[in-house]
Amino acid sequence: MIVRRGYLTFAVVFAPMMLVVFASSQSGERDLGIVRLRYAAIVVRDYDQALNWYTDVLGLEKTEEGIFGDGKRWIVVAPRGRKDFGIILEIAKPISSNDSIRNYEDRVGKETRWVFEVEDCRKFYDRASKRGVKFVETPVEQLEWGSTEAMFEDLYGNVFVVESSRPKTQR
(Lines give C-alpha, C1' and ligand atoms only; values in the text may rest on other atoms or scores of the structure.)
Protein backbone atom coordinates (compact mmCIF):
# COMPACT_ATOMS: atom_id res chain seq x y z
CA MET A 1 0.00 0.00 0.00
CA ILE A 2 2.88 2.36 0.74
CA VAL A 3 4.29 1.76 -2.70
CA ARG A 4 0.94 2.53 -4.28
CA ARG A 5 0.54 5.73 -2.21
CA GLY A 6 4.02 6.81 -3.25
CA TYR A 7 3.19 6.11 -6.88
CA LEU A 8 -0.12 7.92 -6.53
CA THR A 9 1.59 10.90 -4.89
CA PHE A 10 4.14 10.96 -7.69
CA ALA A 11 1.41 10.74 -10.33
CA VAL A 12 -0.69 13.50 -8.77
CA VAL A 13 2.11 15.90 -7.81
CA PHE A 14 4.99 15.39 -10.21
CA ALA A 15 3.37 14.21 -13.44
CA PRO A 16 1.63 17.54 -14.14
CA MET A 17 4.91 19.37 -13.52
CA MET A 18 6.67 17.04 -15.95
CA LEU A 19 4.02 17.83 -18.58
CA VAL A 20 4.58 21.58 -18.11
CA VAL A 21 8.36 21.16 -18.44
CA PHE A 22 7.97 18.93 -21.49
CA ALA A 23 5.44 21.23 -23.16
CA SER A 24 7.54 24.34 -22.59
CA SER A 25 10.66 22.65 -23.93
CA GLN A 26 8.73 21.58 -27.04
CA SER A 27 7.46 25.10 -27.79
CA GLY A 28 10.94 26.50 -27.11
CA GLU A 29 12.37 24.24 -29.79
CA ARG A 30 10.00 25.69 -32.40
CA ASP A 31 10.64 29.32 -31.41
CA LEU A 32 13.83 30.48 -33.07
CA GLY A 33 13.69 33.90 -31.45
CA ILE A 34 12.15 35.97 -34.26
CA VAL A 35 10.47 38.91 -32.57
CA ARG A 36 9.35 41.15 -35.45
CA LEU A 37 9.85 42.09 -39.06
CA ARG A 38 12.44 44.89 -39.20
CA TYR A 39 12.84 45.52 -42.94
CA ALA A 40 11.17 44.59 -46.19
CA ALA A 41 12.80 45.32 -49.53
CA ILE A 42 11.29 46.51 -52.76
CA VAL A 43 13.21 46.33 -56.03
CA VAL A 44 13.40 49.68 -57.82
CA ARG A 45 15.02 50.90 -61.05
CA ASP A 46 16.43 54.19 -59.75
CA TYR A 47 17.25 55.16 -56.16
CA ASP A 48 16.48 58.87 -56.39
CA GLN A 49 13.34 58.45 -58.47
CA ALA A 50 12.00 55.85 -56.01
CA LEU A 51 13.01 57.91 -52.97
CA ASN A 52 11.19 60.95 -54.35
CA TRP A 53 8.06 58.94 -55.10
CA TYR A 54 7.88 57.22 -51.72
CA THR A 55 8.57 60.44 -49.78
CA ASP A 56 6.89 63.12 -51.90
CA VAL A 57 3.91 61.15 -53.20
CA LEU A 58 3.24 58.62 -50.42
CA GLY A 59 4.46 60.85 -47.61
CA LEU A 60 6.90 58.36 -46.10
CA GLU A 61 10.19 59.66 -44.71
CA LYS A 62 13.76 58.60 -45.33
CA THR A 63 15.02 57.04 -42.10
CA GLU A 64 18.38 55.60 -43.19
CA GLU A 65 20.87 56.19 -45.96
CA GLY A 66 24.35 54.87 -46.65
CA ILE A 67 26.71 54.41 -49.58
CA PHE A 68 28.52 51.19 -50.42
CA GLY A 69 31.00 50.34 -53.14
CA ASP A 70 30.05 50.02 -56.81
CA GLY A 71 27.41 52.77 -56.55
CA LYS A 72 25.18 50.75 -54.27
CA ARG A 73 23.23 52.64 -51.63
CA TRP A 74 21.28 51.71 -48.53
CA ILE A 75 18.06 53.73 -48.50
CA VAL A 76 15.23 53.02 -46.08
CA VAL A 77 11.86 54.78 -45.92
CA ALA A 78 9.14 54.38 -43.30
CA PRO A 79 5.91 55.97 -42.09
CA ARG A 80 6.66 59.32 -40.42
CA GLY A 81 8.01 58.94 -36.91
CA ARG A 82 8.41 55.16 -37.15
CA LYS A 83 11.84 53.69 -36.57
CA ASP A 84 10.76 50.11 -35.82
CA PHE A 85 10.12 49.10 -39.45
CA GLY A 86 11.54 50.19 -42.76
CA ILE A 87 11.24 49.59 -46.48
CA ILE A 88 14.60 49.14 -48.20
CA LEU A 89 14.70 50.62 -51.69
CA GLU A 90 16.83 47.97 -53.44
CA ILE A 91 18.26 48.75 -56.87
CA ALA A 92 17.51 46.21 -59.60
CA LYS A 93 21.09 44.92 -59.87
CA PRO A 94 22.90 41.86 -58.53
CA ILE A 95 24.18 42.26 -54.99
CA SER A 96 27.47 40.50 -55.76
CA SER A 97 29.09 38.36 -58.46
CA ASN A 98 27.86 35.28 -56.55
CA ASP A 99 24.25 36.49 -56.53
CA SER A 100 21.96 33.64 -57.61
CA ILE A 101 19.32 36.05 -58.96
CA ARG A 102 20.30 36.84 -62.52
CA ASN A 103 17.42 39.02 -63.74
CA TYR A 104 16.67 41.72 -61.19
CA GLU A 105 14.96 43.88 -63.77
CA ASP A 106 12.35 41.14 -64.16
CA ARG A 107 11.53 41.44 -60.43
CA VAL A 108 10.57 45.14 -60.61
CA GLY A 109 6.82 45.60 -60.23
CA LYS A 110 6.13 41.96 -59.34
CA GLU A 111 7.01 41.35 -55.72
CA THR A 112 4.59 43.00 -53.33
CA ARG A 113 1.30 42.42 -51.60
CA TRP A 114 2.11 44.47 -48.58
CA VAL A 115 -0.70 45.88 -46.48
CA PHE A 116 -0.32 49.40 -45.11
CA GLU A 117 -2.59 50.26 -42.21
CA VAL A 118 -4.08 53.76 -42.55
CA GLU A 119 -6.38 55.72 -40.28
CA ASP A 120 -9.06 56.16 -42.95
CA CYS A 121 -8.86 54.29 -46.25
CA ARG A 122 -11.26 56.60 -48.07
CA LYS A 123 -9.37 59.73 -47.00
CA PHE A 124 -6.10 58.11 -48.05
CA TYR A 125 -7.65 57.28 -51.43
CA ASP A 126 -8.85 60.86 -51.94
CA ARG A 127 -5.56 62.47 -50.92
CA ALA A 128 -3.31 59.98 -52.76
CA SER A 129 -5.42 60.23 -55.94
CA LYS A 130 -4.85 63.99 -55.93
CA ARG A 131 -1.10 63.28 -55.85
CA GLY A 132 -1.38 61.09 -58.92
CA VAL A 133 -1.30 57.67 -57.26
CA LYS A 134 -2.81 55.05 -59.57
CA PHE A 135 -5.36 52.86 -57.79
CA VAL A 136 -6.13 49.38 -59.14
CA GLU A 137 -8.95 48.97 -56.61
CA THR A 138 -10.97 51.81 -55.13
CA PRO A 139 -11.98 51.57 -51.44
CA VAL A 140 -14.13 48.49 -50.81
CA GLU A 141 -15.89 47.53 -47.59
CA GLN A 142 -14.70 44.10 -46.47
CA LEU A 143 -17.70 43.17 -44.34
CA GLU A 144 -16.32 39.85 -43.14
CA TRP A 145 -13.13 41.52 -41.87
CA GLY A 146 -14.64 44.75 -40.61
CA SER A 147 -12.33 46.87 -42.71
CA THR A 148 -12.12 49.03 -45.81
CA GLU A 149 -9.33 48.42 -48.30
CA ALA A 150 -8.00 49.75 -51.58
CA MET A 151 -5.03 48.81 -53.78
CA PHE A 152 -2.58 51.11 -55.54
CA GLU A 153 0.54 50.82 -57.68
CA ASP A 154 3.83 52.58 -57.19
CA LEU A 155 5.72 54.14 -60.09
CA TYR A 156 7.06 50.68 -61.10
CA GLY A 157 3.78 48.76 -60.95
CA ASN A 158 4.28 47.16 -57.50
CA VAL A 159 0.85 46.69 -55.92
CA PHE A 160 0.15 47.67 -52.31
CA VAL A 161 -2.97 47.33 -50.17
CA VAL A 162 -4.12 50.07 -47.81
CA GLU A 163 -6.56 49.09 -45.09
CA SER A 164 -8.42 50.79 -42.29
CA SER A 165 -10.63 49.25 -39.64
CA ARG A 166 -14.21 50.44 -39.53
CA PRO A 167 -15.10 52.15 -36.27
CA LYS A 168 -17.17 50.06 -33.90
CA THR A 169 -20.79 51.18 -33.75
CA GLN A 170 -22.07 52.31 -30.39
CA ARG A 171 -25.12 50.47 -29.02
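User: Let's start with Arg80: is this residue buried or exposed?

Analyst: Look at how much of its surface is left accessible. Keep in mind that this is a predicted model. Arg80 has a relative accessible area of 57%, so it clears the 50% mark and counts as exposed.

User: And which side chain does Arg80 meet in a salt bridge?

Analyst: Here's the general idea: side chains of opposite charge can pair when their charged atoms come close. In this model, Arg80 pairs with Glu61, at 3.8 Å from N to O. Arg80 sits in the loop between β3 (73-78) and β4 (86-91), while Glu61 belongs to strand β2 (residues 61-67), so the bridge links parts of the chain 19 residues apart. Glu61 comes out at 19% relative accessibility, which is under 20%, so this residue counts as buried.

User: How many salt bridges are there in the whole structure?

Analyst: A search turns up nine. One of them joins Lys62 and Glu65, 2.6 Å from N to O. Lys62 is partly exposed at 40% relative accessibility, and Glu65 is partly exposed at 41%. Those two also belong to a salt-bridge network with Asp48 and Arg73.

User: Where do Lys134 and Glu153 lie?

Analyst: Lys134 is in strand β6 (residues 134-142) and Glu153 is in strand β7 (residues 147-153). Their side chains form a salt bridge of 3.4 Å, N to O, linking parts of the chain 19 residues apart. Glu153 is buried, with a relative accessible area of 19%.

User: Now the rings. How many aromatic pairs does the count come to?

Analyst: It comes to 11 aromatic pairs. To read one, check the distance between ring centres, then the angle between planes. Take Phe116 and Phe160: their centres are 5.5 Å apart and their planes stand at 35°, so the pair is tilted. Phe116 lies in strand β5 (residues 114-117) and Phe160 in strand β8 (residues 159-165), so this pair ties together parts 44 residues apart in sequence. Both Phe116 and Phe160 are buried.

User: What about the rings of Phe152 and Phe160: stacked or edge-to-face?

Analyst: Stacked, because the planes are at 25°, which is under 30 degrees; the centres are 5.4 Å apart. Phe152 is buried at 0% relative accessible area, and Phe160 is buried at 0%.

User: Which residues do ring pairs link into a cluster?

Analyst: The cluster consists of Trp53, Tyr54, Trp114, Phe116, Phe124, Tyr125, Phe135, Phe152 and Phe160.

User: One last ring: what sits over Tyr39?

Analyst: That's the charged end of Arg38, 4.3 Å from the centre of the Tyr39 ring.

Technical notes
Residues are numbered from 1 along each chain as its sequence is written. This is a predicted model: local features need pLDDT of at least 70, side-chain atom pairs count only at pLDDT 80 or more; totals for chains, interfaces and linings use all residues. Side-chain values use heavy atoms; hydrogens and water are left out. Rings of Phe, Tyr and Trp (its six-membered ring) pair if their centres lie within 6.5 Å; planes under 30 degrees apart count as stacked, over 60 as edge-to-face and the rest as tilted. Helices (H or I, at least four residues) and strands (E, at least two) are DSSP runs, numbered from the N terminus. Buried means under 20% relative accessible area, exposed over 50%, partly exposed in between (1.4 Å probe, protein chains only). A charge sits over a ring if NZ of Lys or CZ of Arg is within 6 Å of the ring centre and within 35 degrees of the ring normal. A salt bridge is a side-chain nitrogen of Lys or Arg within 4 Å of a carboxyl oxygen of Asp or Glu.
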